[in-house]
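Visitor: I am new to this structure. Please take me through one part of it closely, and then show me how that part fits into the rest.

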Amino acid sequence: MGALPERKSSVGWWIGWIVLTIGSFFASCAFWTWIIAKHLGPVREGNTSILWVAAVFGSWMVLLVPLIVVMYNKVDRAYEEARIRREARAEERAREARRGAPSFRTDYLAPQSRLLSRQLRRKLNKIPRAIRGGQLVNLRLKDGRTIENVFVSGRREILGVYGMEKISFTAGDVGDLEAVDLDRLPEFQEERWLRLDGVSAWDRV
């Protein structure tokens with residue numbers, strides 16, 4: 001709705017510019033016809049007509065100079081305003097994309113460092129999938145730490161950890177694992193997930 005008055009204004013400006021251009025020509029014709037007829041006689045006789053043509057078109061070109069300058073400035077401003085509107089729309093789309101983008105954190109752990117041992121993979125075969133595409137487990141590290149709510153993809157690869165900002169272990173540090181109690185799951189928030197394959201939220205937008 002806001003673009004309609006602006007479009008009407010542009011059309012009105014172009015019509016006005018055309019009217020001024022044509023009007024300046026007829027004004028030049030009228031002026032030189034009167035001047036030449038008064039001092040040299042009828043404009044259709046002899047060399048008077050050549051003089052009239054030269055005077056009319058010469059003065060018309062002079063009158064067109066400011067009109068052309070105004071037109072150039074108007075066109076240049078119109079292109080600049082169009083560019084600003086395009087950039088504003090692109091920025092708005094980017095903001096919309098950011099609002100709808102996933103917000104998980106990301107870190108990178110090399111593929112071989114994410115693969116669990118064969119013994120642990122066999123144990124995973126007995127644990128049902130908790131969510132689509134993988135399992136949720138608690139890891140028991142060899143140094144005694146417990147890492148809760150770890151996402152394992154394909155029954156073999158540690159792909160995500162809930163509640164950590166940076167990864168501090170590898171699959172080789174895992175001594176044992178156990179299934180998460182699905183009846184006591186926390187209320188997961190996407191921004192608290194740490195993805196370990198280096199894929200960021202923006203890579204998925």
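Guide: Start at phenylalanine 169. Leaving aside residues up to four places away in sequence, Phe169 touches Leu109, Leu139, Leu141, Arg145, Ile147, Ile158, Val161 and Met164. Bear in mind that this is a predicted model.

Now widen the view. Phe169 belongs to the largest nonpolar core, a set of 21 residues. Phe169 is also among the residues with the most contacts inside that core. The others named there are Leu116, Leu139, Ile147, Val150, Ile158 and Val161. Several elements give two or more residues to this core: helix α4 (118-124) and the strands β2 (134-141), β3 (146-153), β4 (157-162) and β5 (174-179). In soluble globular proteins, nonpolar side chains tend to be buried together.

Next, the whole chain. Four helices and six strands make up its secondary structure. Along the sequence they run α-α-β-α-α-β-β-β-β-β. The chain has 205 residues, and 28% of them are buried. Take the contacts between residues at least 6 apart in sequence: 68% of these join residues at least 24 apart.

Finally, turn to the surface. The chain's accessible surface is about 14,000 Å², and carbon and sulfur atoms account for 57% of it. Nonpolar side chains appear here too. Val11, Ile15 and Val19 form a nonpolar patch on the surface, and their accessible area together is about 270 Å². To place the patch, look for Ile15 in helix α1, which covers residues 3-39.

Methods:
Residues are numbered from 1 along each chain as its sequence is written. This is a predicted model: local features need pLDDT of at least 70, side-chain atom pairs count only at pLDDT 80 or more; totals for chains, interfaces and linings use all residues. Side-chain values use heavy atoms; hydrogens and water are left out. Patches are made of residues with over 30% relative accessible area and no salt bridge: like charges are joined within 9 Å, nonpolar side chains (Val, Leu, Ile, Met, Phe, Trp, Tyr) within 5 Å. Accessible areas come from the Shrake-Rupley method with a 1.4 Å probe; for residues, only the protein chains shown count as cover. A salt bridge is a side-chain nitrogen of Lys or Arg within 4 Å of a carboxyl oxygen of Asp or Glu. Buried means under 20% relative accessible area, exposed over 50%, partly exposed in between (1.4 Å probe, protein chains only). Contact means heavy atoms within 4.5 Å. A nonpolar core is a set of buried Ala, Val, Leu, Ile, Met, Phe, Trp, Tyr and Cys residues joined through side-chain atoms within 4.5 Å.
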